[in-house]
Amino acid sequence: MIELLYTISTLVFVVAGLTMVGMAMRAYVQTSRRAMLHLSVGFSLAVAGAAATMISAFVNDFTGVKSLLLVNSGLTTFGYLFVMYSLVTYE
C-alpha cells in the first residue's frame, strides 16, 4: 500500500513539475528572458530527482535507501538553486 501511495505522489509531483517546466519554457520563448530558462532547468532537475529515485527504488526493491535519498536530495537542491538564481537574476 505504501508503495502505491509513493508512486501516486511522485507521479503527481512529476506531472506538476513538468507543467511548470513547460510554462517556464513558453515564457522563455515569448520573452527571451534567461531567467525563465534557468527556472525550467531548476524544475527539470527537481523532477529528474524524484523520477530517478522512484524508478531506482522499485528496480532495486527499495534497498540502498541512503543512496536514493542522496540522489534525490542532490538533484532537488541543485534544482532549487537554479530556481533561486532565476529569481535573483530576473530583470
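**A friendly note on the helices and the pocket**

1. Let's start with the empty space. The largest pocket holds about 150 Å³ of space. Please keep in mind as you read that this is a predicted model.

2. Which residues line that pocket? The lining is made of Y6, T10, A50, T53, A57, F62, V65, L68, L69 and N72. The elements giving two or more residues to this lining are α1 (2-31), α2 (34-59) and α3 (65-89). Of these, α3 gives the most, with 4 residues. Sorted by class, the lining has 7 nonpolar and 3 polar residues, and no charged ones.

3. Now have a look at α1. How far apart are its end C-alpha atoms? They are 43 Å apart, and this agrees with the 44 Å that 30 residues should span at 1.5 Å a residue. The buried residues of α1 are T7, T10, V14, G17, V21, A24 and A27. Try finding what covers them in the structure: the cover includes α2. You have already met T10, which also belongs to the lining of the largest pocket.

4. The end of α1 deserves a glance too. Just after this helix, S32 takes a positive phi of about 60°. S32 is also a contact of A27, which touches M36 as well, leaving aside neighbours within four places in sequence.

5. You can do the same length check on α3. Its 25 residues should span 36 Å at 1.5 Å a residue, and the end C-alpha atoms are indeed 36 Å apart, so the two values agree. In this helix, L68, T76, G79, V83 and S86 are buried. Those buried residues pack against α2. L68 is another residue that appears in the lining of the largest pocket.

6. Where do the nonpolar side chains gather? The largest nonpolar core is made up of 7 residues: V21, A24, A27, M36, L39, F43 and V83. Both α1 and α2 supply at least two residues of this core. As background, nonpolar side chains tend to be buried together in soluble globular proteins.

7. Finally, pick out H38, which sits in helix α2. Is H38 buried or exposed? H38 has a relative accessible area of 14%, and because buried means under 20%, H38 counts as buried. Which residues does H38 touch? Not counting residues up to four places away in sequence, H38 touches F82, Y85, S86 and T89. One of these, S86, is among the buried residues of α3.

Notes
Residues are numbered from 1 along each chain as its sequence is written. This is a predicted model: local features need pLDDT of at least 70, side-chain atom pairs count only at pLDDT 80 or more; totals for chains, interfaces and linings use all residues. Side-chain values use heavy atoms; hydrogens and water are left out. On a 1 Å grid over the protein atoms alone, a cavity is a set of points where a 1.4 Å probe fits but cannot get out, and a pocket is an open set with protein on both sides within 12 Å along at least five of seven lines; lining residues have an atom within 4 Å of a point. Grid points are joined across faces, edges and corners, and a volume is the space filled by probe spheres set on the points. Ala, Val, Leu, Ile, Met, Phe, Trp, Tyr, Cys and Pro count as nonpolar, Asp, Glu, Lys and Arg as charged, and the others, Gly among them, as polar. Buried means under 20% relative accessible area, exposed over 50%, partly exposed in between (1.4 Å probe, protein chains only). Contact means heavy atoms within 4.5 Å. The expected span of a helix is 1.5 Å times one less than its number of residues. A nonpolar core is a set of buried Ala, Val, Leu, Ile, Met, Phe, Trp, Tyr and Cys residues joined through side-chain atoms within 4.5 Å.
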